[in-house]
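Here are some comments on the model, set out as numbered points. Please read them with the structure open.

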Amino acid sequence: MFAAYGDPESTRLELNVASCNETPTAKVVESDTEVRVQVTSGRWLGRNGDDCADGVVVTLNAPLGTRTVVDQSTGETVEVSPADPLAPPK
């Protein structure tokens with residue numbers, strides 16, 4: 001996961017991942033302080049190497065608030081940028 005977009009008052013979190021058009025899915029575990037996201041896809045190394053940026057939208061159980069978003073695969077915190085207000089809902 002290389003980018004996240006959301007707003008503190010929203011339950012919608014948009015994620016950009018490098019799955020190279022391989023239909024990524026996301027599993028979310030929420031706590032009071034963190035939103036841990038595990039993204040998986042059918043990507044095979046060396047296949048579909050051109051356009052690797054895909055989007056995944058997850059709906060949280062509670063608004064994001066001040067919680068930290070963590071990439072479960074790496075354990076790294078992902079900075080959340082404000083969502084694009086002109087983007088259509090997915």
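1. In S8, which residue is the bridge partner of Tyr-5? The partner is Ser-81. Please bear in mind throughout that this is a predicted model.

2. Tyr-5 is not alone in pairing with this strand: Ala-4 has Val-80 as its bridge partner in S8. S1 and S8 (residues 80–81) run parallel and are joined by two bridges.

3. S1 also pairs with S2. Strand S1 covers residues 3–6 and strand S2 residues 12–18; the two run antiparallel, with four bridges between them. One bridge pair can be named: Ala-3 is matched with Asn-16 in S2. The connection from S1 to S2 is a hairpin, made through five residues.

4. The sheet can now be put together. Four strands form an open sheet in the order S5-S2-S1-S8, and their pairing is mixed. S5 and S8 are the edge strands; each has a single partner strand, so one side of each has no neighbour in the sheet.

5. Glu-14 deserves a separate look. This residue lies in strand S2. Is Glu-14 buried or exposed? Its relative accessible area is 16%, and because the cut-off for buried is under 20%, Glu-14 counts as buried. The side chain of Glu-14 makes a polar contact of 3.1 Å with the side chain of Arg-12.

6. The surroundings of Glu-14 are worth listing. Leaving aside residues up to four places away in sequence, Glu-14 touches Ala-3, Ala-4 and Tyr-5, along with Val-56, Val-57 and Ala-83. Of these, Ala-3 and Tyr-5 have appeared above as bridge partners, Ala-3 of Asn-16 and Tyr-5 of Ser-81.

7. Next, the nonpolar core. The largest one has twelve residues, among them Ala-4, Leu-13, Leu-15, Val-17 and Val-56. At least two of its residues come from each of S2, strand S4 (34–40) and strand S5 (53–59). S2 gives the most, with three residues. As background, nonpolar side chains in soluble globular proteins tend to be buried together.

8. Val-56 links the last two points. This residue belongs to the largest nonpolar core and is also touched by Glu-14. Again leaving aside residues up to four places away in sequence, the contacts of Val-56 are Leu-13, Glu-14, Leu-15, Val-17, Pro-24 and Ala-26. Leu-13, Leu-15 and Val-17 are themselves members of the core.

Note on methods. Residues are numbered from 1 along each chain as its sequence is written. This is a predicted model: local features need pLDDT of at least 70, side-chain atom pairs count only at pLDDT 80 or more; totals for chains, interfaces and linings use all residues. Side-chain values use heavy atoms; hydrogens and water are left out. Two strands pair if DSSP finds at least two bridges between them. Buried means under 20% relative accessible area, exposed over 50%, partly exposed in between (1.4 Å probe, protein chains only). A polar contact is a pair of N or O atoms within 3.5 Å; within protein, one must be able to donate a hydrogen and the other to accept it, and residues adjacent in sequence count only if both atoms are side-chain atoms. Contact means heavy atoms within 4.5 Å. A nonpolar core is a set of buried Ala, Val, Leu, Ile, Met, Phe, Trp, Tyr and Cys residues joined through side-chain atoms within 4.5 Å.
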